[in-house]
Amino acid sequence: MKTIIGLIYGGKSAEHEVSLSTAYEVMQAIDYAKFDVLPIYITIQGEWCQGEKRTTPFEHKESLRFDSKGKADSIQQIIANGLAFDLAFPVLHGTNGEDGTVQGLFEVLNIPYVGNGVLASSAGMDKVSMKQLFEIAGLAQVPYVHFVRPDWEQNRAEVIEKAEKELPYPMFVKPANLGSSVGISKADDRAQLEEAIELALRFDRKIVIEEGVTAREIEMGVLGNDYPEFSVPGEIKPIAAFYDYEAKYQDDSTELVIPAEVSEEVKSKMTEMARGAYRVLDCAGLVRADFFVTANDEVYINEVNTMPGFTKTSMFPLLWQNTGMTYPEIIERLIELAMERHTAKQ
Ligand code: ATP
Ligand code: MG
Ligand code: MG
Ligand code: MG
């Protein structure tokens with residue numbers, strides 16, 4: 001009997017489109033001699049739509065965007081009908097997918113699922129919680145402050161004052177719970193800071209403000225459960241002011257240099273920091289760890305992404321390809337790791 005993979009994608013998230021691209025590529029790479037795929041599309045409104053079981057990939061990305069046609073139009077119905085898959089492969093980014101919520105659902109249903117568990121997903125999604133855990137693990141990171149919407153509503157001046165007291169310009173303002181650079185901007189002065197905060201608050205009630213660093217951006221892939229393995233490092237060279245949403249997905253303005261040219265010392269520093277992050281968040285399956293490396297080789301961890309972008313041109317699979325693993329091999333390894341973790345829990 002072939003294992004049926006429930007490929008869950010889309011989602012009520014600002015990263016809906018990215019998820020669709022990832023799902024399309026994953027579907028192309030699955031070994032259909034071993035697996036069937038049950039596509040489950042979550043619309044941007046959050047409606048779960050179960051498709052027909054596939055023994056071949058969809059031919060076009062747009063075909064992934066189907067509606068339920070009355071078959072199963074809610075998660076409740078999909079569950080009530082008896083789950084038609086053996087293993088969940090959520091390729092959801094951001095809210096309601098990468099943040100531990102859907103992982104909690106799989107835990108309750110007692111089915112194996114690819115990727116990180118509840119704690120790592122939720123802590124990794126919230127940049128403030130993540131930074132606090134990194135601090136506990138003794139990982140170097142850039143100085144930051146954080147606040148929530150009511151702080152801003154009640155006393156804007158105080159928020160600005162705190163940021164300016166703690167951090168020099170330029171600053172980076174980010175919604176705490178997002179990815180793909182959505183809602184992030186760089187502020188060079190107070191007027192821009194206020195604007196950046198207003199923008200970030202459109203996406204989240206919790207905001208992080210960081211000191212902007214002049215540094216190279218270098219990332220590392222991690223794969224594994226209790227014994228994680230580390231990819232070669234890869235560098236992002238954005239031509240834009242920073243690695244924003246457009247640079248990530250909509251243009252060719254970014255060059256990826258893999259492996260990154262770094263000293264052995266920097267590489268091992270990064271590996272140990274990625275290991276520390278993996279451990280403190282209790283990660284499983286995979287993460288992509290993002291670092292800043294300054295001209296004098298200081299290394300700061302920026303974040304880990306518990307469900308990194310995963311198209312064929314995304315950093316995570318490219319890092320592993322350079323480490324000696326093909327795209328289909330990564331997919332299969334992730335499925336293996338999901339099974340292994342599920343069995344270990346029993
Ligand atoms: P993703 O999950 O897609 O990697 P994200 O939305 O979680 O992105 P970050 O990785 O934190 O966001 O930031 C996005 C980009 O903004 C970084 O890749 C970098 O180019 C720039 N950036 C973020 N923080 C800083 C900082 N403190 N100093 C300088 N540049 C920064
Ligand atoms: Mg991120
Ligand atoms: Mg992300
Ligand atoms: Mg990042």
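This briefing covers the domains, one domain interface, the metal site and the salt bridges of this structure. The model is predicted. The domain assignment gives the chain three domains: domain 1 (3–113), domain 2 (124–140 + 214–345) and domain 3 (144–211). Asn305 bridges the magnesium ion (ligand 2) and the magnesium ion (ligand 3).

**Domain layout**

- Domain 1 spans 3–113 in the assignment.
- Domain 2 is written as two segments, 124–140 and 214–345.
- Domain 3 covers 144–211.
- The C-alpha centres of domain 1 and domain 3 lie 34 Å apart.

**Interface of domain 1 and domain 3**

- Four residues from domain 1 and five residues from domain 3 make the contact.
- About 310 Å² is buried between domain 1 and domain 3. Carbon and sulfur atoms give 54% of that area.
- On the domain 1 side, Ala14, Glu15 and Thr95 lose the most area to domain 3. Together they account for 85% of what that side buries.
- The residues of domain 1 that touch domain 3 divide into two nonpolar, one polar and one charged.
- The rule finds zero salt bridges across this interface.
- It also finds zero residue pairs in polar contact there, counting pairs with both residues at pLDDT 80 or more.

**Magnesium site**

- The protein donors of the magnesium ion (ligand 2) come from Glu303 (OE, listed twice) and Asn305 (OD1).
- These donors lie 2.1 to 2.3 Å from the ion.
- The two magnesium ions bridged by Asn305, ligand 2 and ligand 3, lie 3.4 Å apart.
- Glu303 is buried, and Asn305 is buried as well.

**Salt bridges**

- The count comes to 18 salt bridges by the rule used.
- Arg65 and Glu62 meet through their side chains in a salt bridge, at 2.9 Å from N to O.
- Arg65 has a relative accessible area of 30%, so it ranks as partly exposed, between the 20% and 50% cut-offs.
- Glu62 has a relative accessible area of 49%; it too is partly exposed, because exposed means over 50%.
- Asp126 forms a salt bridge with Lys206. The closest N and O atoms of Asp126 and Lys206 are 2.7 Å apart.

Conventions: Residues are numbered from 1 along each chain as its sequence is written. Chains are lettered from A and ligands numbered from 1 in the order in which they are written. This is a predicted model: local features need pLDDT of at least 70, side-chain atom pairs count only at pLDDT 80 or more; totals for chains, interfaces and linings use all residues. Side-chain values use heavy atoms; hydrogens and water are left out. Donors are N, O and S atoms within 2.8 Å of the metal (3.2 Å for Na, K and Ca); water is not among the atoms, so sites may look incomplete. Buried means under 20% relative accessible area, exposed over 50%, partly exposed in between (1.4 Å probe, protein chains only). Domain bounds come from an automatic or database domain assignment. Contact means heavy atoms within 4.5 Å. Buried area is the accessible area (1.4 Å probe) that two parts lose on being put together, summed over both. A salt bridge is a side-chain nitrogen of Lys or Arg within 4 Å of a carboxyl oxygen of Asp or Glu. A polar contact is a pair of N or O atoms within 3.5 Å; within protein, one must be able to donate a hydrogen and the other to accept it, and residues adjacent in sequence count only if both atoms are side-chain atoms. Ala, Val, Leu, Ile, Met, Phe, Trp, Tyr, Cys and Pro count as nonpolar, Asp, Glu, Lys and Arg as charged, and the others, Gly among them, as polar.
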